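Have a look at the model below before we talk charges and backbone angles.

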Amino acid sequence: LPSDINISAGSIGGGEFNLNGHMNLLKEIPDFDINAELDGVSLPAFNDYARAHAAMDFEKGNLSISTEMAAANGNLTGYVKPVVTDLAVIDQTDKGKSFFNAIWEGVAAFFFEAFENQPNDQFALRVPISGNLNDPDRDLWSTVISIFNNAFGQAFTRGPEGKIDFRDALERSVEENEE
């Protein structure tokens, strides 16, 4: 992978975005090995979006999203891992909410609290992604199990795990071609 890529930027909510990796841009479908992280995002900055698409407010909370992705010959392997800390869903000061919206926010708050890693005050999950680059598979059951692992087992760390690299994607590519 002859080309290096390094990108840094700020985000809404005061977060910092960093992407580092290597690519082969000379191929028709480029090969790559990247790690990316968006860290330190204040969730209340997304309340307009959350109200419009999930009918809830964030009173407080911080978001970190990390990913590792590698692709070889059009075959992808990797994951996306959001970690939310110090989360409070219901904004008690907003008296203009409907009864049903208040119920929904209560259910959401209960879900996040029930599946939070209590010692680390965090809700997290890990979504494995693999397959064809044009239509990758996301493993729903592994994602659901990851919520339980974070909540009742070892808490996920923020940031890339260092477990995915180009060789993983290359091995998958060879396996796909053998089939």
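What follows is a short chat about salt bridges and two backbone angles. This is a predicted model, where local features need pLDDT of at least 70, side-chain atom pairs count only at pLDDT 80 or more, and totals for chains, interfaces and linings use all residues. Residues are numbered from 1 along each chain as its sequence is written, and side-chain values use heavy atoms, with hydrogens and water left out.

Reader: How many salt bridges does the count come to?
Author: Let's set the rule first: a salt bridge is a side-chain nitrogen of Lys or Arg within 4 Å of a carboxyl oxygen of Asp or Glu. By that rule, the count comes to eight.

Reader: Which residue forms a salt bridge with Arg158, and where does that partner sit?
Author: Helices (H or I, at least four residues) and strands (E, at least two) are DSSP runs, numbered from the N terminus. Arg158 has its closest N to O contact at 3.2 Å, with Asp39. The pair links distant parts of the chain, 119 residues apart: Arg158 is in the loop between helix H3 (140-152) and helix H4 (166-178), and Asp39 is in strand S3 (residues 31-42).

Reader: Is Asp57, which meets Arg51 in a salt bridge, buried or exposed?
Author: Buried means under 20% relative accessible area, exposed over 50%, and partly exposed in between (1.4 Å probe, protein chains only). The Asp57 and Arg51 side chains come to 2.4 Å, N to O, and Arg51 is partly exposed at 42%. Asp57 has a relative accessibility of 2%, so Asp57 is buried.

Reader: What is the relative accessible area of Lys81, the salt-bridge partner of Glu161?
Author: Glu161 and Lys81 have their closest N and O atoms 3.3 Å apart. They are 80 residues apart in the chain, with Glu161 in the loop between H3 and H4 and Lys81 in strand S5 (residues 75-88). Glu161 is partly exposed at 25%, whereas Lys81 is buried, with a value of 1%.

Reader: Which residues are joined into one network by salt bridges that share partners?
Author: We've already met the pair Asp57 and Arg51. With shared partners, the network consists of Asp48, Arg51 and Asp57.

Reader: What is the phi of Asp86?
Author: Most residues other than glycine have a negative phi. Asp86 lies in strand S5 and is partly exposed at 31%. Its phi is positive, near 55 degrees.

Reader: Where does Asp121 lie?
Author: Asp121 also has a positive phi, near 50 degrees. Asp121 is partly exposed, at 27% relative accessibility. Its place is the loop between helix H2 (99-114) and strand S6 (122-124).
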